[in-house]
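Colleague: I'd like to learn how to read a model like this one. Could you walk me through it, feature by feature?

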Amino acid sequence: MTWHSNTTEEALQILSTKRDGLSDDEASRRLEEYGLNQLESPHKPSPIRIFLNKFKDYLIIVLIFAAIVSYIAGETTNAYVVLAIIILVAFIGFLQEYRAERSMEALREMVAPEADVFRNGKLVSIPVQQLVAGDVIFLEAGDKVPADARIIDETLLEVVEASLTGESQPVKKSTELLGEETSLADRKNMVFMGTIVSYGNCKAVVTDTGRKTELGKISGMIGQESEEPPLKKKLAQLAKRQAYLVLLVSALVFIIDVNRGYPITEVFITSVALAVAGVPEALPFVVTLAMAYGTQIMAKKHAIIRSLPAVETLGSTTVICSDKTGTLTTGETTVRQIYTYRTIEVTGSGYNPEGSFISDGKPVYPSEEDIASVLRICVLSNNSDVDIMEGKWRIVGDPTEGALIVAAKKAGVVEKIRDEHIELVEYPFDSDRKRMTTVSKSESEGIIAAMKGAPEVVLDRCVDLSFNGQTRPLTDDDRKKIQDIANVMAERALRVLAVAWKPLYQEGPIEKDFVESEMIFAGLVGMMDPPRPEVKEAIQICKQAGIRPMMITGDHRLTAKAIGEELGIAEGEVIEGWQIEKMSDKDLTERIENTSIFARVTAEHKMRIVDALKSQGHIVAMTGDGVNDAPALKAADIGVAMGRTGTEVSKEASAMVITDDNFATIVSAVKEGRRIFDNIRKSTSYLLSVSFAELATIFVGIMLGFPAPLLAAQILWINVVAEEFPAIGLAMEPSNPKIMHRMPRNPKESMPSRTLLIYTLGTAAIISAGCLGLYITSIQQGHNLDYSRTMAFVGLGFFTVFNAYASRSLEDSILKMNPLDNKALILGMGASIIAILAAIYVPFLQNAFGTVPLTGGSWAIILGVSSLIIVVSEVMKRALTGLGKQC
């Protein structure tokens, strides 16, 4: 039902109610039929279920399988170590995501606990949950609207709807009949659940309650399931491929060795060794650690990550869809321009009373007659103030009046004007008069009237004009010029007020019509919610990094376009919400590539925009702070909420919260996300190359007729201990200086990419060839099996150490990198070497791993052969770069 397009009498008739409300009996009947006025909370997983869900990842499943096989084969130590890794990975993920799903509770907190309602013809207070459609409610300043309602009567009613529609200013309401096509933000004869009455009062008939309200529709959209993050999908695909490879090779070796006549128990243990070799046990832990470490860095930079995969997702973002109010702008109305007989720009941002006045590029003094006159009127016709609380400036009163006071404070005249003047009379602003006038008295000026209001209204009451310190008659040409200038200011998205004054030469009773006539026009004041100072640079960095910024706002078309042009995101046309409603999904998808600004949009529109972008393969980040942003935050690949101005609903629906509400922080988070993904790629390549090498070494060795070159215990010691320390260091590698100068990677690119897989397999081939060479040469020299296996084991360990250092960069030569830039990697390599030495020189470990001490000559050969991996990796990087490919 489009209640805004029905008259009040029609609405009352459709709802079967009267102006004095329902009876208690009828209200009880409707409550039983339609249910409570509340937002139902969807089923949410318990902490235990959140923890258990961590075991659904394919890599974890593969590890569990490997542990079970090891246990069945009698390799219980192997099984326990792998299980310990699994539990550790699950626990880290659980800690990060424990508080992930609380959107519905936050929505419920937004609803008022009680409502004033007419029952049996009397005004009573009832719990808000007991409201029903047809109830007539009474609202006044400070009330939170308890349900959607059609206004019946109102007095100077203004409602703050920023959190629902994105409108930055309080919305003036009326009972006026509106067209059926009117957008949500323009339905001025309606009030909506969760919004706040800032001024005036009204009677309204409840039209919708609970989940049928606009807020309730949003809650339903928030409850939709989120898609899996890209990294999680890619790791799942990697785990599947790895599992298939391991099963295939293990089964092949089992069949071949059984046919050769080897004992089945021995063959089974060899197959277990292959299974252990093919699974990179450290990968889930290292990936989780890389993201967890990134969250700590980002928290120090004012970005709180609520879901670990969000770190990587942000780094792969191709589009950032940003709300305007409070995100791209300060959310604080500010005077930007004053017009007298000249144009004066006012600098500064937000409510901070610091700034200057500039005309024709040169500073001007606010004490000059024309500026001083305008500011004096702004102060006298004003009931608001500005103060500082907890280090932050805030407006006490109406935001528009507050902006005028801030401008006057920049000139340092507020206190002086207020001290010198005593207010005698006030004629308040209302939607019919569109002006406010006060009469004040001072010793120096006598009695003066000060007026502010809509330009056309104020001009109609002026007969004279202040011009360059002089007063002269206001001509028709003057009126046209002033109105044209006001229109130009409005086209720049400035909210324009005119100010005027006149001296009064009488005391005693003063007639309003006399006071508000024959005024002297002083000037125009243009104000707006300005862009944040740092956002323009942040947007340029986004473009440089290949990320497309878009503005999606509930505000007016002109306002959105003006802010977009100032920030540099006004490419293409501006599409409004009513246009989106007429488009099919296909039409929207086609036009979205050439559109950067969407205005007057609702929560449903934002969802469609996000879906259209995602259908084209984009990784979408959505920023916002209002309730209206929450569904899109949830639907996007990563939702980014504002910490200071953001509602609890938007924060709980997001994957990341920016605590300083600074768009530039998002750029910093993107950079960190790219660093993390780079390090995950390096770690994945490093760990997979070792696993492939182990698998190939055992498989080829057996195919050549030799006993397995490596034991399952030895492989596990490399994979879990010796390999893991350097991998942790790789996860902490600093970012490449050119990281924000390259385009976002292809979201469809596999993990690892084809080029990286070539590099990884090449590295694995060298490691496998080196280990087999050490093993076979040792056997041919007459060493026993334990010594030869120790040669292969130690060779693999040192290949692992040198390979870690070679993996610091997959594009640039490591010979040009400072080793001390990543001290964690150096320490990890040292720990890995200690672990390898312990395995062959600590007696009880010798027994566990079947190792023996090596001679000095053997050590020299091992170090010489294993260090070749650095040379080979450098050659492969150059070769791939020469072919126009990068890892």
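Modeller: Sure, let's start with the overall picture and then go through helix pairs, cores and backbone angles.

Modeller: This is a predicted model, so local features need pLDDT of at least 70 and side-chain atom pairs count only at pLDDT 80 or more, while totals for chains, interfaces and linings use all residues. Residues are numbered from 1 along each chain as its sequence is written, and side-chain values use heavy atoms, with hydrogens and water left out.

Colleague: How many helices and strands are there in the protein chain?

Modeller: The protein chain has 35 helices and 28 strands. Both are DSSP runs numbered from the N terminus: helices are H or I with at least four residues, strands are E with at least two. Of the chain's 887 residues, 57% count as buried, where buried means under 20% relative accessible area, exposed over 50% and partly exposed in between, using a 1.4 Å probe on protein chains only. Take contacts between residues at least 6 apart in sequence: 71% of them join residues at least 24 apart. Contact here means heavy atoms within 4.5 Å.

Colleague: How do I read a helix pair?

Modeller: Two packed helices are described by the angle between their axes and the distance between the axes. The axes are lines fitted to C-alpha atoms, for helices over the stretch in contact, and angles run from 0 to 180 degrees between N-to-C directions. Try H11 (residues 283-300) and H27: their axes come within 10 Å and cross at roughly 160°. H11 and H27 are therefore roughly antiparallel, the word for angles over 145 degrees (under 35 is roughly parallel, 65 to 115 roughly perpendicular, the rest oblique).

Colleague: Which residues of H11 and H27 meet?

Modeller: Among them are Leu 283, Val 287 and Ile 297 in H11, and Ala 669, Ile 680 and Leu 687 in H27. By class, this contact of H11 with H27 has 12 nonpolar, 3 polar and 2 charged residues. Nonpolar covers Ala, Val, Leu, Ile, Met, Phe, Trp, Tyr, Cys and Pro; charged covers Asp, Glu, Lys and Arg; the others, Gly among them, are polar.

Colleague: Can I try H31 and H32? At what angle do their axes cross?

Modeller: The axes of H31 (residues 785-806) and H32 (residues 823-841) cross at roughly 175° and come within 10 Å. That makes H31 roughly antiparallel to H32. The residues that meet include Phe 793 and Val 794 in H31, and Met 829 and Ile 833 in H32. This contact of H31 with H32 has 13 nonpolar, 3 polar and no charged residues.

Colleague: What about cores?

Modeller: In soluble globular proteins, nonpolar side chains tend to be buried together. A nonpolar core is a set of buried Ala, Val, Leu, Ile, Met, Phe, Trp, Tyr and Cys residues joined through side-chain atoms within 4.5 Å. The largest one here has 137 residues, of which Leu 524, Met 656, Phe 663 and Val 794 touch the most other members. H27 gives the most to this core, with 17 residues. Apart from it lies another core, of 34 residues, including Val 346 and Leu 380.

Colleague: And the backbone angles?

Modeller: Most residues other than glycine have a negative phi. Leu 156 has a positive phi, near 50°, and lies in strand E4 (residues 148-160). Leu 156 counts as partly exposed, at 26% relative accessibility. His 302 has a positive phi too, near 75°, and lies in the loop between H11 and strand E8 (303-305). With a relative accessible area of 38%, His 302 is partly exposed.
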